[in-house]
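Biologist: Before we look at particular places, could you show me how to read enclosed spaces, burial and strand pairing in a model of this kind?

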Amino acid sequence: MLKINNLKAKVEEKSILNGFTLNINPGEVHAIMGPNGSGKSTLSNILSGKKGYDVSGEILFENSDLFSLETEERAHKGIFLAFQYPLEIPGVNTSVFLKTSLNAIRKARGEKELDALEFLKLVKQKSKDLKFDEEKLNRQLNVGFSGGEKKKNEILQMSILNPKLSILDETDSGLDIDALKIVANGVNSLRRKNNAFLIITHYQRLLDYIKPDHVHVLMNGKIIKSGGPELALELEKKGYESFS
Amino acid sequence: MEEQLKNDFEKSFKNSNFSSKSISLKKEFLNKFIKDGLPNKSLENWKFSDINQIIKKEIGDLSFYNDISTPNKIDSAIYLNGLEQNSIVFINGRAEKIDFQFEEKNKIEILDDFELNNNYSEINSLIDLNSAFVEKSFKILIKENYSLKKPLVIYHYTNKKIKSKNINLRLNFILEKNSSLKLIDVLNDISEKNFINTFYSFKLNQDAILKNYKIDNKNNNNIKYSFTNIEHEKNSLSETFIVSSGSNFNKNEINCNLNGKYASAFINGIFSLNKKKHHEIRTSVNHLTELTKSYQLIKSVLENEARAVYQGKIYVNSEAQKTDGYQLSKAVLLDETTEFNAKPELEIYADDVKCSHGSASGSLNENSIFYLMSRGLNYKEAKELLIKGFLLDVVEKITDSEIKNLIKNIVGLKE
């Protein structure tokens with residue numbers, strides 16, 4: 001599904017990714033763990049098309065060259081990034097935004113756009129599943145939401161847009177244990193044979209709830225070790241230092 | 001210009017019904033205007049909008065004689081759709097229709113006799129020009145305890161048959177005790193390169209409520225100036241909302257005098273400008289007694305060499321203790337060719353007041369655009385959604401829900 005070959009990225013002459021290589025197949029959950037400044041957020045930004053990086057190497061998503069696609073085209077193809085810091089968008093109603101987003105993607109895929117009633121039904125069900133306070137759907141997007149509510153809102157968006165590849169950028173940071181469970185359950189309930197997850201995190205904690213198939217250690221812009229779920233536990237015990 | 005002014009003045013009033021006393025007063029205003037000329041940037045209030053230069057460049061020489069002897073046909077397309085309304089229609093400066101069909105006739109008095117006074121002559125020379133040339137000065141009086149059932153829409157329509165380069169209009173409203181009026185002022189021009197100078201005065205007696213919506217959203221090449229004075233007696237309230245978008249140049253001045261306790265004035269508005277348009281809102285809110293309140297929020301979205309100016313002044317005199325005054329302006333500059341000038345001013349002579357002002361301008365947040373694009377919106381859609389959100393916040397301040405929806409439709413904010 002996703003093939004990253006020898007990805008290098010620089011910002012203003014500073015190298016952040018130094019030959020990053022990763023393959024993700026449908027149905028898999030990959031976790032990337034790394035200390036601060038190892039290039040985790042840069043990776044998720046580049047995957048979703050944020051400008052401002054000087055990149056080389058190759059990224060293929062379902063065999064098409066990701067670099068030739070704009071951010072919104074990547075979303076249309078089924079890439080979703082759950083933001084580490086979801087933005088507050090004043091004046092934009094959460095529900096209206098969700099509908100606009102879903103219909104933009106459906107339209108780009110040649111699918112029928114949902115009308116107000118169909119959308120309402122969908123969003124109500126998904127909110128209920130994720131224990132997302134329905135009242136918040138009528139508030140301005142993320143404005144005045146707590147950290148946990150913002151992250152839940154990301155997972156709500158993910159479940160409504162139903163992407164093929166979901167990238168979760170430190171979704172666990174700032175979550176209390178209850179919110180963490182809700183978010184993890186949300187992710188688990190979306191796991192299918194034909195979709196995949198890339199979970200980027202500092203801590204092993206989230207991986208207690210979302211069981212990854214593969215764990216990778218990212219340091220200084222490249223993967224220095226890969227393994228199964230046990231690698232996360234080893235990291236937790238020994239710290240990143242022991243891998244450097 | 002002097003000769004043109006004198007000749008056009010003669011033509012305008014040689015066969016008029018004005019008394020000789022009125023004519024001589026009008027002549028005084030004319031002479032004052034001849035002496036002062038159009039306002040220019042050497043005057044503090046005009047330093048961001050030199051209307052003298054703007055008229056010279058965009059129109060050239062003005063002419064002032066407006067022959068209003070022949071009626072114009074009203075094109076029904078000018079009316080706002082889907083709104084039950086009373087209406088006054090001006091076409092090329094001539095009042096074609098005054099219709100209060102939804103109201104009790106004995107609750108509203110309409111007079112068009114001319115009452116000139118010197119009260120506003122100090123403000124600027126455009127008011128003298130208005131006083132000199134205005135043909136009819138309407139006075140509309142709403143009787144005690146009467147609330148108009150439907151909004152009054154005043155249409156200012158001009159077309160190519162216009163005979164003068166300058167139109168002067170004047171409307172005076174008196175709201176008696178505990179009466180209320182919703183007024184929508186709609187500008188709609190087919191004519192080009194005219195200078196339209198309107199003057200509104202409102203007297204709000206105790207407990208009266210005025211909701212005053214001024215809409216300039218249709219693209220046109222005219223130059224507009226509008227002065228609004230609102231006198232507030234005890235516990236009266238005015239809500240003004242300005243949509244400043246369509247004309248080539250438009251300056252709205254709003255002066256509110258809070259003369260009675262518990263009086264309050266709200267002035268909100270949006271500038272949505274492109275294509276070298278230049279608009280200004282200048283407010284002056286005068287807290288003249290204790291326990292009065294004012295609130296102002298102005299938001300601007302500018303692109304393509306547009307320029308917006310907001311000069312907002314809150315004045316609190318020494319008796320106006322417990323004043324609550326607030327003022328904020330925010331601008332989004334969509335490209336580097338645009339300009340936003342803000343001059344917030346507080347002048348306070350009382351010691352127990354709560355007053356604040358602020359102003360901010362900048363471009364759209366690129367991270368917000370990226371966030372929306374990562375959810376499938378293209379760059380243009382993401383930008384538009386952010387702009388809508390930015391403006392919606394101020395449109396939501398409109399307290400009349402029917403008119404709020406109307407204005408949302410007009411400015412493209414309907415969800």
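Modeller: We will go through cavities, then one residue beside a cavity, then strands. This is a predicted model, in which local features need pLDDT of at least 70 and side-chain atom pairs count only at pLDDT 80 or more, while totals for chains, interfaces and linings use all residues. Residues are numbered from 1 along each chain as its sequence is written, chains are lettered from A and ligands numbered from 1 in the order in which they are written, and side-chain values use heavy atoms, with hydrogens and water left out.

Biologist: How many cavities of 30 Å³ or more does the structure hold?

Modeller: Rolling a probe the size of a water molecule over the atoms shows where empty space is left. A cavity is a set of points, on a 1 Å grid over the protein atoms alone, where a 1.4 Å probe fits but cannot get out, and its lining residues have an atom within 4 Å of a point. Grid points are joined across faces, edges and corners, and a volume is the space filled by probe spheres set on the points. There are 3 cavities of 30 Å³ or more here, and the largest has a volume of about 110 Å³. Of the 13 residues that line the largest cavity, B:Asp185, B:Leu187, B:Ser226, B:Asn250 and B:Asn252 are the closest to its centre.

Biologist: What classes of residue make up the lining of the largest cavity?

Modeller: Ala, Val, Leu, Ile, Met, Phe, Trp, Tyr, Cys and Pro count as nonpolar, Asp, Glu, Lys and Arg as charged, and the others, Gly among them, as polar. On that division, the lining of the largest cavity has 4 nonpolar, 5 polar and 4 charged residues.

Biologist: Which residues line the second largest cavity?

Modeller: The second largest cavity, with about 50 Å³ of space, is lined by A:Ala75, A:Gly78, A:Ile79, A:Phe80, A:Ile105, A:Arg109, A:Leu161, A:Pro163, B:Ser374 and B:Arg375.

Biologist: Is B:Ser374 buried or exposed?

Modeller: Buried means under 20% relative accessible area, exposed over 50%, and partly exposed in between, with a 1.4 Å probe and protein chains only. B:Ser374 has a relative accessible area of 4% and is therefore buried. B:Ser374 lies in the loop between helix 5 (366-373) and helix 6 (379-395) of chain B, where helices (H or I, at least four residues) and strands (E, at least two) are DSSP runs numbered from the N terminus. Leaving aside neighbours within four places in sequence, B:Ser374 is in contact (heavy atoms within 4.5 Å) with A:Thr71, A:Ala75, A:Ile79 and A:Phe83.

Biologist: How is strand 7 of chain B paired with strand 5 and strand 9?

Modeller: Two strands pair if DSSP finds at least two bridges between them. Strand 5 (residues 152-158) of chain B runs parallel to strand 7 and is joined to it by 7 bridges, with B:His156 having B:Leu187 as its bridge partner. Strand 7 is also joined to strand 9 by 7 bridges, again in the parallel sense, and B:Asp185 stands opposite B:Lys214 in strand 9. In strand 7, 9 of its 10 residues are buried.

Biologist: How many residues of strand 14 of chain B are buried?

Modeller: In strand 14 (residues 278-287), 10 of its 10 residues are buried. Strand 14 is joined to strand 12 by 10 bridges, in parallel, and pairs with strand 16 (residues 307-316) over 10 bridges, also in the parallel sense.

Conventions
1 Å grid on protein atoms, 1.4 Å probe; cavity = no way out; pocket = protein on both sides within 12 Å on 5 of 7 lines; lining within 4 Å.
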